[in-house]
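Visitor: Please take me through one part of this model in close detail. I would like to look at an enclosed space and what surrounds it, then a few other spots for context.

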Amino acid sequence: MKTIRTTCPYCGVGCGVSAGVSAGRDLRIRGDKDHPANRGALCSKGTHLGETVGLEGRLLHPMIGEERVHWDDALDEVAGRMRQTMEQYGPDSVAFYVSGQLLTEDYYVANKLAKGFVGTGNIDTNSRLCMASAVAAHMRAFGEDIVPCSYEDLDAADLIVLVGSNTAWCHPVIWQRIERARERRGAKLVVIDPRKTETAERADLHIPVAPDGDVALFNALLNEMRRRGRTDAAFLQAHCHEPDGFWHALERSEPGIPARMFDRLAELVAGRDRMITLFSQGVNQSVGGTDKGNAIINLHLATGRINRHGAGPFSITGQPNAMGGREVGGLATMLACHLGFSKEEQVAVADFWNSPQVASSPGLKAVDLFRSVHSGQIKFLWIMATNPAVSMPDAGFVREALACCPNVVVSDVIGGTDTARFAHIRLPALAWAEKEGTVTNSERRISRQRSLFSAPGEARPDWQIVCQVASRLGFGNAFAFESPAEVFREYAAMTALSVAHGKLLDLTAWTGCSDRDYEDMQPFQWGGLHPCKAGFPTPDGKARLVSARPLVKAEPDASYPLRLNTGRYRDQWHTMTRTGLSAKLSVHRREPLVEVHPDDAAAYGLSDGGLARVSTKQGDTVFRVSMSSAQKRGQIFAPMHWSDAMSGGGRTGRLASSDNDPLSGQPGFKDAPAAVEAVLPEWRAFLLSREIVVPDTFYWTRARIAGGWLYELAGDGAADIGDLLPVGTRSEVADEARGMRRIVVIGQDDAVCAALFITRSGELPPRDWLERQFASGQGTIPELLAGRPAKALPDMGATICVCHDVGEQQILAAVAEGTDSVAAIGKRTCAGTNCGSCRPILARLLEEAQTAIQEAAQ
């Protein structure tokens with residue numbers, strides 16, 4: 001077995017992966033113990049990467065419409081359509097929408113083609129949806145999109161503040177680091193989040209701030225630090241510029257939380273100079289996200305808690321190469337390599353690229369880009385490695401835009417994504433396990449991604465596809481790259497322009513790297529631990545305090561009395577085109593759930609486990625209901641992941657508004673006015689199937705299980721099973737009084753190929769045992785029809801630890817036998833000993849079980 005060091009393709013932590021490659025496409029995945037970002041740790045998604053590298057659903061050949069074509073024909077068609085569009089309507093009729101899933105080399109050539117040779121600024125990235133407000137806040141405060149901290153600061157911190165970040169779920173390896181800091185240093189943890197997430201459950205202090213209440217809270221906190229004499233006058237004078245009236249404006253700040261809670265927060269902040277604030281989507285995904293970021297940065301600047309160990313404002317990124325894309329210029333608001341659009345910067349870029357027509361102004365940000373597609377201003381759109389028909393806000397509008405655009409090109413891995421269905425041309429790109437290049441993580445650390453397998457079918461690397469189109473447009477000399485190493489060398493050389501214009505981005509030491517140097521590249525961090533320590537990249541070397549204004553709330557709308565928050569699940573990623581293929585990763589949440597406070601559920605007639613329709617001004621969709629006291633009254637939560645490919649409901653993108661931050665253009669996904677109503681289907685069902693089917697009913701979802709798929713179904717009228725079940729020998733039982741029907745289908749190989757369970761008024765059997773029998777083929781037909789084994793088996797309960805397949809009942813049994821800590825549970829059952837993201841729920845189960853034992857003993 002050959003072992004290859006590469007980098008995880010999920011979040012922005014940038015974990016190193018040691019992949020053991022054997023015959024076929026089999027992988028043994030381990031964390032890379034030598035990688036500084038993770039030192040061998042992996043989350044559940046990284047651990048189960050081996051389940052996601054198959055060729056199921058892959059786009060393996062170029063397609064024009066539904067016809068398979070040769071690469072030359074497809075590339076000629078792309079270039080011809082682009083050229084004709086430019087000649088007839090000008091360069092700004094062309095746009096590119098790219099992704100933090102691209103490697104830096106892919107990003108670089110796409111940006112070079114768009115801004116340097118097509119001559120349009122209309123290239124934007126799905127990073128606009130997750131990190132653009134942090135970028136804008138960095139630019140305002142520091143003069144450059146620069147993260148001033150490093151992961152090592154977490155190890156040295158005495159106070160860690162998480163703002164809008166469910167770190168235990170979304171960045172589990174960072175969460176492990178936080179846990180170690182608390183164990184070793186006694187660091188205190190504050191979580192600022194409207195929801196009582198599993199991260200918040202483990203905090204020393206949870207601040208359930210109102211949605212979009214962050215600016216008011218941080219302004220009040222900074223004012224309180226000044227009142228207590230905890231600001232750093234010397235640092236302010238030497239390193240910061242204060243706008244007129246800055247402090248006076250803060251004097252009127254109200255924190256928006258109870259006074260006792262605010263006093264406790266202020267005590268923690270005042271008493272611990274080594275304070276690091278991690279902020280993520282709860283800050284960024286807001287119509288006031290830039291001001292939120294600056295309010296956090298203001299606190300650190302004014303207290304001098306920056307540019308030193310254990311302190312600083314730390315934007316933690318959501319995608320594996322959002323940072324790399326930001327560096328090369330993938331955002332519409334940046335020209336290239338941290339450069340803007342001043343005349344001097346345009347000239348420098350044009351000279352470096354020897355380009356005929358460099359874009360002269362910023363392009364359209366994502367929301368405006370799709371609005372311009374819809375209006376017909378943009379007539380050619382090339383989408384790379386992203387699924388905007390699902391992930392963009394007001395996704396129904398985005399689909400309308402794609403449907404009316406005359407030229408849609410999609411470069412992707414999966415052939416049948418919701419977005420690919422609108423494409424006129426589909427180009428097969430390499431996936432994670434086949435790509436070569438680099439990525440940059442949240443702490444500015446560049447790592448190599450290395451191919452594990454040869455290219456399947458006719459798939460090609462994104463950078464090469466772009467270069468081949470550029471050549472057909474007549475720009476071949478500028479895009480004559482033969483390898484990703486050549487692209488990286490040019491990018492590294494281009495950062496000399498950044499340095500010349502006073503920026504800190506500097507990779508010039510890699511300009512002359514050989515192919516061997518590139519192949520052997522070890523992870524390295526540009527800018528060092530604290531890149532702004534010698535001065536900020538502004539004309540006077542000083543950072544800027546920025547007056548941040550709390551959002552003015554709109555008047556309540558009686559038609560939409562609730563506030564909808566959206567976010568991620570622990571074991572899923574983006575639109576599930578990859579993680580949705582993993583049986584292990586599908587265990588944690590089989591369906592998209594709308595989480596509702598029990599009091600709200602009672603008020604709106606909802607039942608736990610029932611169905612509910614969530615509506616906003618943009619659209620509506622159906623979810624399974626989960627009653628949760630972690631939700632505050634008046635607020636609901638839904639996940640972002642489900643697409644039309646995976647579900648007939650749970651389409652959160654239909655609900656989010658396209659309203660966005662006026663500076664960053666980042667949409668507000670976290671605070672939408674919403675309504676909810678109960679949905680009472682006439683029948684409910686679930687299906688175990690070897691093959692993918694397309695149900696014709698108003699609610700369905702599918703989840704990967706071992707050996708096939710689990711479908712949850714609900715509908716009205718007659719349950720049409722005609723297209724659900726395959727050909728085979730059927731065994732069936734029915735109870736007309738309860739509307740119960742159960743069918744098991746045996747295929748030609750004498751194995752069960754499908755099992756369907758329907759009810760109109762009764763209860764459906766539990767799924768877990770049936771899933772195991774479906775996978776193993778061990779259950780008898782009578783047992784399968786009964787939905788239970790002939791002889792009762794031990795109940796594992798709901799799976800808590802996906803990494804080690806540990807159930808709730810196993811954990812409770814360990815506690816009953818005297819196991820008295822999360823660490824002891826790990827030693828006894830292995831739960832929580834890999835990625836650590838289940839440790840918060842282990843702690844909760846432990847506390848609840850111990851309380852029950854104590855009460856029983858009284």
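Guide: A cavity here is a set of grid points where a 1.4 Å probe fits but cannot get out. Its volume is the space filled by probe spheres set on those points. The model is predicted.

Start with the cavities. The structure holds seven of 30 Å³ or more. Take the second largest cavity, which encloses about 80 Å³ of space. Its lining includes Cys8, Tyr10, Cys11, Val13, Gly14 and Cys15. Leu42 and Cys43 also line this cavity, as do Pro172 and Val173. By class, the lining has nine nonpolar residues, one polar and no charged. Gly14 belongs to that lining, and Gly counts as polar.

Now the barrel. Six strands close into it, in the order S21-S25-S22-S24-S23-S26, with mixed pairing. From one strand to the next, the twist averages 45°. Look at one pair in detail. Strand S23 covers residues 611-615, and strand S26 covers residues 672-679. The two run antiparallel and are joined by five bridges. Val614 stands opposite Val676 in S26.

Last, a loop residue. His424 sits in the loop between strand S15 (408-412) and strand S16 (425-428). Is His424 buried, partly exposed or exposed? His424 counts as partly exposed because its relative accessibility is 26%, and that class lies between under 20% for buried and over 50% for exposed. Beyond its neighbours within four places in sequence, His424 is in contact with Met63, Ile64, Gly65 and Arg81. Cys405, Pro406, Asn407 and Val408 are contacts of His424 too. Lys827 lies 403 residues from His424 along the chain, and their C-alpha atoms are separated by 55 Å.

Definitions and conventions. Residues numbered from 1 in each chain as written. Predicted model: local features only at pLDDT ≥ 70, side-chain atom pairs only at ≥ 80, totals over all residues. Heavy atoms only, no water. 1 Å grid on protein atoms, 1.4 Å probe; cavity = no way out; pocket = protein on both sides within 12 Å on 5 of 7 lines; lining within 4 Å. Pairing = 2+ DSSP bridges. Helix = DSSP H or I, 4+ residues; strand = E, 2+ residues; numbered from the N terminus. Axes fitted to C-alpha atoms, helices over the stretch in contact; angles between N-to-C directions. Buried < 20%, exposed > 50% of the residue type's maximum accessible area, 1.4 Å probe, protein only. Contact = heavy atoms within 4.5 Å.
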